Amino acid sequence: MCEVGPAKTHLSGVVGFVDQLVVAAVNSRIYWPGHPRVRGSIENLLALMDDYCVSRETGVLRLGVVEGYLIHDRRPLLNASLSGPRIVEPVERLRSGGIEFHLGMEEEELAAFLKALVARPGTFTDWREANRALEQESCRRIRFLPEYRTGHEGGADSAEEPEGEAMESVKEIRLPVRTYQAAVTHLQDVSVRICRGDQFALDESRTEVEEILTRLDEDPVAMLNLARYNHYDAFTFGHSVRVSFLALNFARHLTADTEIRESVGLSAMLHDVGKARVPFEILHSKGRLNPEERREMERHTTHGAEILLEVEKSDFGAVATAFGHHRTIDGAGYPGVVVDFPVSAVTRIVKICDVFEALTAVRPYKAAMTPSKAYRIMLTMEGHFDFPLLRRFVEITGIYPIGTTVILESGERALVRRQTSDLRLPEVEIRTTPDGDLLDPEDRRILDLRQEAEERGARIAAGPLTGGESLAAL
């Protein structure tokens with residue numbers, strides 16, 4: 001089930017289209033329809049649509065929505081589903097099965113569709129009413145699809161049926177996916193409110209953190225799988241969510257104090273909140289920033305501290321982390337200070353998780369780095385981190401982190417479930433046969449590779465795969 005070759009290429013095009021659709025939707029909530037940023041997003045969508053249709057030799061791009069997942073060509077798009085809850089949510093609310101885009105759509109049609117997509121809940125009763133509203137706006141090349149129903153024969157006017165095996169492979173992490181999507185949606189709302197000059201409620205952020213912590217206690221494997229996936233979202237919301245996953249998991253092993261854990265998670269989730277005040281063109285620049293632009297980007301730390309100081313029930317750990325997560329233990333980094341400003345304990349934890357996520361995640365300018373290489377780099381950064389804390393992070397996270405997929409020398413693919421005393425030999429759950437066939441849940445077995453290495457010489461041959469690759473492979 002691993003995506004390779006042309007299939008992977010065209011799926012990447014679809015995910016890119018979804019990313020730009022998210023950018024356009026968020027911009028449409030902040031700015032008026034004719035604003036340059038909204039128009040720029042629409043122009044990018046039209047170009048991506050043209051590229052997709054040329055590469056696929058088709059005139060239609062169809063996105064299905066089933067059980068919280070975006071579907072394309074009958075396959076769930078996990079990466080796009082994680083970064084695009086603002087697309088999934090309105091489609092589900094309208095009891096629609098997805099969206100259909102036709103080649104030749106014009107800017108005005110996309111503008112009308114975005115207006116419908118970001119409309120307040122209750123504006124439309126269902127997908128039929130939404131489509132009638134689109135037609136009244138002369139939007140005829142974009143429409144919401146009927147809901148897919150099992151047994152329906154399909155056809156051009158229906159949503160596509162998801163492929164059974166592919167859908168089953170992601171259903172196991174439905175609740176963690178919903179938790180991730182809710183956190184992304186929350187950060188989008190926070191960013192929109194900040195851009196509009198409105199206040200946001202820190203208690204809402206605390207609620208998201210509490211939910212993540214609950215899911216980590218119940219299913220750390222699935223949650224931590226989502227903390228490492230092979231896709232770069234157009235905004236930084238996914239980065240902040242993944243840092244909060246890592247920081248909360250780290251805190252779970254450092255202390256039993258729930259209040260401290262939640263403060264760490266809140267600080268991690270909001271550490272980059274100041275980027276909402278960084279000019280859009282700088283924040284999303286694809287080129288190297290000049291010195292002036294770099295200084296403006298670095299101001300996100302002071303912006304973040306100011307924003308979090310102004311909210312009700314302000315959290316000191318979150319304020320300190322927003323301000324100091326780019327400062328080093330030896331006093332370097334930014335922002336500069338005129339008096340001694342030690343890096344707080346919470347900030348030290350978040351800083352480690354922030355850098356680790358950045359190194360091991362995909363970015364437009366780099367591929368994902370393996371955890372072991374990231375550790376080697378971080379351990380050479382003298383003065384940057386609290387080194388005893390960093391070593392503890394390595395022990396907890398492991399060379400093969402929980403939630404990632406590895407390939408054993410036998411050819412079997414296995415999901416890492418727990419670290420052992422040997423960082424090279426974790427406990428795993430066998431998910432496939434040596435030939436790559438997916439095992440039924442009752443046929444899967446748990447192996448402690450530390451014991452297996454002693455008894456049978458069992459070892460890991462390759463991995464870890466990133467989160468998106470893990471789920472595609474399983």
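Helices are DSSP runs of H or I with at least four residues, numbered from the N terminus. The structure described here is a predicted model.

Q: Which helices each supply at least two residues of the lining of the largest cavity?
A: The lining of the largest cavity includes Pro90, Arg93, Ala116 and Leu117. Residues 85-93 form one helix of the lining and residues 107-117 another. The two that each supply at least two residues are helix 4 and helix 5.

Q: What is the volume of the largest cavity?
A: The structure holds four cavities of 30 Å³ or more. The largest cavity has a volume of about 70 Å³.

Q: How many residues in the lining of the largest cavity are nonpolar?
A: Among the lining residues are Leu94, Phe124, Thr123 and Arg120. By class, two of the lining residues are polar and two are charged. The count of nonpolar residues is seven.

Q: Why is strand 4 largely enclosed by the rest of the structure?
A: Buried means under 20% relative accessible area. Strand 4 covers residues 96-102, and it is largely enclosed because the number of its seven residues that are buried is six.

Q: Which strand is joined to strand 4 by five bridges and contains Pro146?
A: Strand 4 runs antiparallel to strand 1 (residues 60-66), with five bridges between them, and Gly64 stands opposite Gly98 there. Five bridges also join strand 4 to a strand of residues 142-146, again antiparallel. In that pairing Ser96 stands opposite Pro146, which belongs to strand 5.

Q: Which strands stand at the edges of the open sheet of five strands?
A: The order of this open sheet is 9-8-7-6-10, and the pairing is antiparallel. Each edge strand has a single partner strand, so one side of each is left without a neighbour in the sheet. The edge strands are strand 9 (446-448) and strand 10 (460-465).

Q: By how many degrees are neighbouring strands of this five-stranded sheet turned against each other on average?
A: Strands of a sheet pair through backbone hydrogen bonds, either parallel or antiparallel. In this sheet the pairing is antiparallel. With direction ignored, the average turn between neighbouring strands is 35°.

Q: Which residue stands opposite Val406?
A: Strand 6 (residues 405-408) pairs with strand 7 (residues 413-418) in the antiparallel sense, over three bridges. Opposite Val406, in strand 7, stands Ala414.

Q: At about what angle does helix 20 run to strand 9?
A: Helix 20 (residues 449-456) lies across strand 6, strand 8 (427-430), strand 9 and strand 10. Its angle to strand 9 is about 70°.

Key: Residues numbered from 1 in each chain as written. Predicted model: local features only at pLDDT ≥ 70, side-chain atom pairs only at ≥ 80, totals over all residues. Heavy atoms only, no water. Pairing = 2+ DSSP bridges. Axes fitted to C-alpha atoms, helices over the stretch in contact; angles between N-to-C directions. Contact = heavy atoms within 4.5 Å. Buried < 20%, exposed > 50% of the residue type's maximum accessible area, 1.4 Å probe, protein only. 1 Å grid on protein atoms, 1.4 Å probe; cavity = no way out; pocket = protein on both sides within 12 Å on 5 of 7 lines; lining within 4 Å. Points joined across faces, edges and corners; volume = space filled by probe spheres on them. Nonpolar A, V, L, I, M, F, W, Y, C, P; charged D, E, K, R; others polar.
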